[in-house]
Amino acid sequence: MRLTTVVGLGVAALLLLASAKSAVNSGTGTKTEAKPKENLAQVLLWEAKEIPFIKEYIRDTNIPRGSIKKHREGKPGRIVRLYCRLIGPKGVVKNEVLFENITPPQSELYLVGIEGYKTSRGSFSGRKVLIMNATAYDPGPASCGKYASGYTATGIKAEYGVVAVDPKVIPLGTRLYVEGYGYAIAADVGAKVDGYDIDLCFPTYQQAKAFGRKKVKVHILD
């Protein structure tokens, strides 16, 4: 908990601080006015907002490659603020934060299996294998533009394990195994996905950017 200086607000500020602390979970706001100071009206306001949690994916060598296992439930966080708004004859002059309490969210954690398959002599022997140029994307606007819906061309949700292909090379709906990525389904297309290109979905833009561009072996399972 961090408390900044409260000057010239007296009893009203202390009462509102108590009100903010007791209403952390309400998510609503309230306000009260203090005495004018230097021809400025002082208004005290508080707000409580939820901080959404994110999904985090960690690779685990003890889980079969391509499998995804939920390891921990996510919990939203919360932020509570009390601030003083100074209003002059021409409108708001500034907002000064007096009190801020942040409970950080807990990410929802998934383990992504990377236990190796012996692809040359093991599970996928006899299957068709393609050498493809792999890139990565996330479902949000950073990768898919401002009109990103989070869904693929086939109507399913874009998430880890969903890949974009050229349907002339790999038909949509085909089950795949991408070495270094895992099991996947060809369920999307893209303007820049042509020929022997494959675009792999990751949960976040940072993870997609870290993957970069590389050649991969793609095993056709269907």
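Contact here means heavy atoms within 4.5 Å. Keep that in mind for what follows. One caution as well: this is a predicted model.

Let me start with one residue, D188. D188 sits in strand 12. What does D188 touch, once residues up to four places away in sequence are set aside? The list is Y137, T152, A153, V163, A164, V165 and L172. D188 is buried, yet has no salt bridge. Look for the nearest side chain of opposite charge and you reach K157, 14 Å away. A salt bridge needs a nitrogen within 4 Å of a carboxyl oxygen. So D188 and K157 form none.

Now step back to the whole protein. How many helices and strands are there? Three helices and 14 strands. The protein has 222 residues, and 38% of them are buried. Take the contacts with a separation of 6 or more. Of these, 71% join residues 24 or more positions apart. The exposed surface is about 13300 Å², and carbon and sulfur atoms supply 53% of that area.

Next, the inside. In soluble globular proteins, nonpolar side chains tend to be buried together. Here, the largest nonpolar core has 29 residues. Which residues have the most contacts inside this core? They are V163, Y181, I198 and L200. Several elements give two or more residues to the core, including strand 8 (108–115), strand 12 (182–188), helix 3 (205–211) and strand 14 (214–220). Strand 9 gives the largest share, five residues.

Look at Y181 for a moment. Leave aside its neighbours within four places in sequence. Y181 is then in contact with Y160, G161, V162 and V163, and also with L200, C201 and F202. Two of those names, V163 and L200, you have just heard in the core. Apart from this core lies another one, of nine residues. Its members include L44, V80, L82 and F99.

On to the charged pairs. The count is five salt bridges. Start with K70. The side chain of K70 meets that of E73, at 3.6 Å from N to O. K70 also meets E108, this time at 3.8 Å. The K70 and E108 pair links distant parts of the chain. K70 is in strand 5 (residues 68–72), E108 is in strand 8, and they are 38 residues apart.

Are these three residues buried or exposed? K70 counts as partly exposed because its relative accessibility is 39%. E73 is at 48%, so E73 is partly exposed too. E108 has a relative accessible area of 7%, so E108 is buried.

Then there is D166 with K168. Their closest N and O atoms are 3.2 Å apart. D166 is buried, at 5% relative accessibility. K168 is exposed, at 72%. Finally, E47, R81 and E100 are linked in a network of salt bridges.

Last topic, the cysteines. How many disulfides are there? The count is zero. For C144, the nearest cysteine sulfur is that of C201, 7.6 Å away. A disulfide needs the two sulfur atoms within 2.5 Å. So C144 is in no disulfide. C144 is partly exposed, at 41% relative accessibility. C84, by contrast, is buried, at 4%.

To close, go back to D188 in the structure above. D188 is a buried residue without a salt bridge, whereas buried D166 has one with K168.

Notes. Residues numbered from 1 in each chain as written. Predicted model: local features only at pLDDT ≥ 70, side-chain atom pairs only at ≥ 80, totals over all residues. Heavy atoms only, no water. Buried < 20%, exposed > 50% of the residue type's maximum accessible area, 1.4 Å probe, protein only. Helix = DSSP H or I, 4+ residues; strand = E, 2+ residues; numbered from the N terminus. Areas by Shrake-Rupley, 256 points an atom, 1.4 Å probe, with all protein chains shown as cover. Core = buried A, V, L, I, M, F, W, Y, C linked by side-chain atoms within 4.5 Å. Lys, Arg positive; Asp, Glu negative; His and termini not counted.
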